[in-house]
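Work through the exercises below with the sequence and the model side by side. Each task is followed by a solution in steps.

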Amino acid sequence: MAELTALESLIEMGFPRGRAEKALALTGNQGIEAAMDWLMEHEDDPDVDEPLETPLGHILGREPTSSEQGGLEGPGSAAGEGKPILSEEERQEQTKRMLELVAQKQREREEREEREALERERQRRRQGQELSAARQRLQEDEMRRAAEERRREKAEELAARQRVREKIERDKAERAKKYGGSVGSQPPPPAPEPGPVPSSPSQEPPTKREYDQCRIQVRLPDGTSLTQTFRAREQLAAVRLYVELHRGEEPGGGQDPVQLLSGFPRRAFSEADMERPLQELGLVPSAVLIVAKKCPS
């Protein structure tokens, strides 16, 4: 009865009877080695000690006979008499072989687990390297996008400045066309006008040429004021355009052009003065201008 011998051998090795019977049944009664492999692979399963709902004959690979069922009830049955009896020395030798087999299976299992652990560690390191490379690529992409954004903002700023300059040129052309009849004769004699601008010897033109910028404060008729920095060589028309764009009135409402006045000494700037640089008009490094609506001619 090889099946019973395998069952008893497993019990002799210290496995519970229920586990041994379950191992033999689930391995198709292919021998003690297959049963031991199953027991070692499933020793941590939570349901390893739950019995199978299968008759004993199924556990042993065949249907039980009536004599075998009787043999399980008592040692004096006929089935028990057909069972080979092992001497103590043979039993010890068989137990020793089984223990050696268990130790071998345990070593094989440990070696397999060690190989699996090494493989998991290699995978972890490989994933870490891939993650680091992905993080570096992401940082490079962010730096590249930031550089492109800075270049785009700079290009937009240059384009905005160009639009302002074009707006000034268009405004000059429109005003020249609108007032061409009376303004065209005024530009030739601008020489005597700078006479009343300096209020003291310290405001002579040679000293003003040292400044590259001019800070202009413009007082509006409603009591508010605008302050902006212009280049010293920029024309007075740029100041007038800045005031018209920021004085707060509704665009396209047909407003009259503004008239710029100097605070002290009192002076009304003409259309010819609009073509002259701020430095030449004595408005450098700073000046206060007054805005009044231009009276119709």
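Accessible areas here come from the Shrake-Rupley method with a 1.4 Å probe. The model is a predicted one.

**Exercise 1. The chain as a whole**

Find how much accessible surface the chain has, and what share of its residues is buried.

Solution.
- Step 1: The accessible surface comes to about 20400 Å², and carbon and sulfur atoms hold 50% of that area.
- Step 2: A residue is buried when its relative accessible area is under 20%. Of the 297 residues, 27% count as buried.
- Step 3: The secondary structure consists of 10 helices and 5 strands.
- Step 4: Among contacts with a separation of 6 or more, 61% are between residues 24 or more positions apart.

**Exercise 2. A hairpin**

Describe how strands β1 and β2 are arranged, and what links them.

Solution.
- Step 1: β1 covers residues 213-219 and runs antiparallel to β2, with 7 bridges joining the two.
- Step 2: One pair of facing residues is C214 and F230, the latter in β2.
- Step 3: The two strands form a hairpin with 5 residues between them. In that turn, G223 has a positive phi of about 95°.

**Exercise 3. S225**

Is S225 in β2 buried, partly exposed or exposed?

Solution.
- Step 1: The relative accessibility of S225 is 39%.
- Step 2: The partly exposed class lies between 20% and 50%, so S225 counts as partly exposed.
- Step 3: Beyond its neighbours within four places in sequence, S225 is in contact with Q217, V218, R219 and L220.
- Step 4: I290 is 65 residues from S225 in sequence, and their C-alpha atoms are 9.1 Å apart.

**Exercise 4. E234**

Determine where E234 lies and whether it has a salt bridge.

Solution.
- Step 1: E234 sits in the loop between β2 (225-231) and α10 (236-246).
- Step 2: E234 is buried. Not counting residues up to four places away in sequence, E234 touches I168, R276, P277 and L278.
- Step 3: The nearest side chain of opposite charge is R231, at 4.4 Å. A salt bridge needs the charged atoms within 4 Å, and E234 has none.

**Exercise 5. Two helices**

Which residues of α10 and of α2 are buried?

Solution.
- Step 1: In α10, 8 of the 11 residues are buried, so the helix is mostly covered. They are L236, A237, A238, V239, R240, L241, Y242 and V243.
- Step 2: In α2 (residues 17-26), the buried residues are A20, E21, K22, A23 and L24.
- Step 3: After α2 comes G28, with a positive phi near 70°.

Methods
Residues are numbered from 1 along each chain as its sequence is written. This is a predicted model: local features need pLDDT of at least 70, side-chain atom pairs count only at pLDDT 80 or more; totals for chains, interfaces and linings use all residues. Side-chain values use heavy atoms; hydrogens and water are left out. Buried means under 20% relative accessible area, exposed over 50%, partly exposed in between (1.4 Å probe, protein chains only). Helices (H or I, at least four residues) and strands (E, at least two) are DSSP runs, numbered from the N terminus. Contact means heavy atoms within 4.5 Å. Lys and Arg count as positive and Asp and Glu as negative; His and the chain ends are not counted. Two strands pair if DSSP finds at least two bridges between them.
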